[in-house]
Amino acid sequence: MKKIVLVGPVYPYKGGISHYTGLMYKALSKKYQVVMVSYKLQYPKLLFRKEQRDYENDSFKIEGTNYWLHTVYPWNWVKTAAKIKKQKADMVIFQWWHPYFAPCYWLLCKCLKGTKILFVCHNVFPHERFPLDRFLAKSVLRQGSGYIVQSRMDGEDLHTIIKHPVFRQTVHPTYNAFQIKNMTKEEARAELGIGREEKILLFFGFIREYKGLKYLIEAMRTVTERLSDVKLLVVGDFSGAESKQEYMDRIEQCGAGDAIEVYDGYIPDKEVEKFFAACDLVTLPYISATQSGIVQIAFGFEKPVIVTDVGGLPDVVEDGKTGYVVGAGNPEELAKAVIRYFTGDVEKQFRENIKKEAYRFSWDRMTEVVEELDRYDGREDS
């Protein structure tokens, strides 16, 4: 059996990349001997002041994880590379999503020269661009032997910094690990104090400008004029560069404040299920994106989604079948899609269509992609 060293955040670190890495470990372990290497420290408190760990749900826990990597100290990077080399792995897989990790990963890759290195690119470039991000991404990613991207946009970005990248594009696998209690819609709504007949929209995740929440808030004015018993749940952490008060003022001004309920703060893994189980439709009004794990969480609960036509979001949603694709920054189109869903009697058909897509979004498919890159012998161009 071949051996892989997988490098990235896992439990107890928070967030979608951590969940992704843990699920990838479990999937690859069916075909490979996998050694999990994670962080002793992921971000210094100077950059990330909130608690970075969540110990409440250990369903993502990977037994035997090696918390070797301290992303701040170069001497630690050299020592970690030596420990990885001792594993005599056939391949090392890095999770890549932000140039903050560039110095650490660059030196690790240099120390691992001669080893096949694969990068899983959640974003080739960060959502929120900054000077030197392109240079930093290029300096690290050029060390790779192969790449997995999860949107057409990331494939195009990869081509701008690497001349002939060997890569495979595949969709972001579905997160189905949040169904801890297997709650029914009725049970979830009872826990949240939501009526059985209410029409529930969900916006979930960290609140950032690029996610376009303000356009969804504006859309609710039209939605509430056309539909009764409709409610938007805004569930996420406002502690970013944007002001929470700006959003609260916008909610008050939109004329539909009574139909918008805000749950501010990080949602522990074990609390995620009730929001997705309770809702009818998940909304991602992003104004920029490569892809999003929120779509995959929604599909894991067989919930249709409304996404915008940015990045890789249209790649994963079949318009009119598993959700709707609308123009970015367009409250009118968002409102029309919401109204179309709730007046079209399509819930059952959309759920069936999502089920039919299960294999394309499966972790087994991701394992096959890794195997393809593992077998690659340089005789073809991607």
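# A guided tour of a predicted model

Start by selecting H70: with a relative accessible area of 13%, H70 is buried, because buried means under 20%. Keep in mind as you go that this is a predicted model. The mean pLDDT of the protein chain is 92, and 97% of its residues reach 70 or more.

**Stop 1: around H70**

H70 belongs to strand 3, which covers residues 66–70. Now show its surroundings. Beyond the neighbours within four places in sequence, H70 is in contact with K40, L41, N76 and W77. Add S38 to your selection too: H70 and S38 are 32 residues apart in sequence, yet their C-alpha atoms are 9.0 Å apart in space.

**Stop 2: helix 1**

Next, select residues 16–28, which form helix 1. If you draw a distance from its first C-alpha to its last, you should get 18 Å, close to the 18 Å expected for 13 residues at 1.5 Å a residue. How many of the 13 residues of helix 1 are buried? The count is 11, so the helix is mostly covered. Among the buried ones are I17, H19, Y20, L23, M24 and L28.

What does the covering? Colour strand 1 (3–7), strand 2 (33–41) and strand 4 (91–96), then add strand 5, helix 9 and helix 14 (363–375); the cover over the buried residues of helix 1 includes these elements.

**Stop 3: F119 in strand 5**

Strand 5 is worth a visit of its own. Select F119, which sits in this strand of residues 117–121. Is F119 buried or exposed? Its relative accessibility is 0%, so F119 counts as buried. Leaving out neighbours within four places in sequence, the contacts of F119 include F94, W96, Y105, C109, V140 and L141. Further contacts of F119 include Q143, G144, G146, Y147 and I148. For one more distance, pick F167: its C-alpha is separated from that of F119 by 9.3 Å, although the two residues are 48 apart along the chain.

**Stop 4: S151 in a loop**

Move on to S151, in the loop that joins strand 6 (146–149) to helix 5 (152–161). S151 has 0% relative accessibility, so this loop residue counts as buried. Look at where its side chain goes: it reaches the backbone nitrogen of D154 at 3.1 Å.

**Stop 5: helix 12 and its two ends**

Select residues 331–343 to see helix 12. Its 13 residues should span 18 Å at 1.5 Å a residue, and the end C-alpha atoms are 18 Å apart, which agrees. The buried residues here are P331, L334, A335, A337, V338, I339, Y341 and F342. Some of these sit three or four places apart, such as L334 and V338. An α-helix has 3.6 residues a turn, so residues three or four places apart point the same way.

To see what lies over these buried residues, show strand 8 (199–204), helix 7 (213–226), strand 11 (281–284), strand 12 (305–308), strand 13 (323–326) and helix 13 (347–356), which are included in the cover.

Now zoom in on the ends. At the N-terminal end, N330 caps helix 12, with a side-chain oxygen 3.1 Å from the backbone nitrogen of E332. After the helix comes D345, whose phi is positive, near 55 degrees.

**Stop 6: two strands from that cover**

In strand 8, select K199. Not counting residues up to four places away in sequence, K199 touches S228, D229, V230, K231, D280 and F342. That last partner, F342, is one of the buried residues of helix 12.

In strand 12, select T308. At 1% relative accessibility, T308 counts as buried. A polar atom of its side chain lies 2.5 Å from the backbone oxygen of Y286. T308 is also in contact with L284, P285, L313, P314 and V325, among others.

**Stop 7: a pocket**

Which residues lie nearest the centre of the second largest pocket? Select M183, A277, F301, K303 and R351, which are among its 17 lining residues. Helix 6 (185–192), helix 9 (269–278) and helix 13 each supply at least two residues of this lining. The space inside is about 250 Å³.

**Last stop: a stretch to treat with care**

Finish at residues 378–382, where pLDDT stays under 50. For this stretch the model has 7 contacts beyond four places in sequence.

Conventions
Residues are numbered from 1 along each chain as its sequence is written. This is a predicted model: local features need pLDDT of at least 70, side-chain atom pairs count only at pLDDT 80 or more; totals for chains, interfaces and linings use all residues. Side-chain values use heavy atoms; hydrogens and water are left out. Buried means under 20% relative accessible area, exposed over 50%, partly exposed in between (1.4 Å probe, protein chains only). Contact means heavy atoms within 4.5 Å. The expected span of a helix is 1.5 Å times one less than its number of residues. A polar contact is a pair of N or O atoms within 3.5 Å; within protein, one must be able to donate a hydrogen and the other to accept it, and residues adjacent in sequence count only if both atoms are side-chain atoms. pLDDT is the predictor's confidence in each residue, from 0 to 100. On a 1 Å grid over the protein atoms alone, a cavity is a set of points where a 1.4 Å probe fits but cannot get out, and a pocket is an open set with protein on both sides within 12 Å along at least five of seven lines; lining residues have an atom within 4 Å of a point. Grid points are joined across faces, edges and corners, and a volume is the space filled by probe spheres set on the points.
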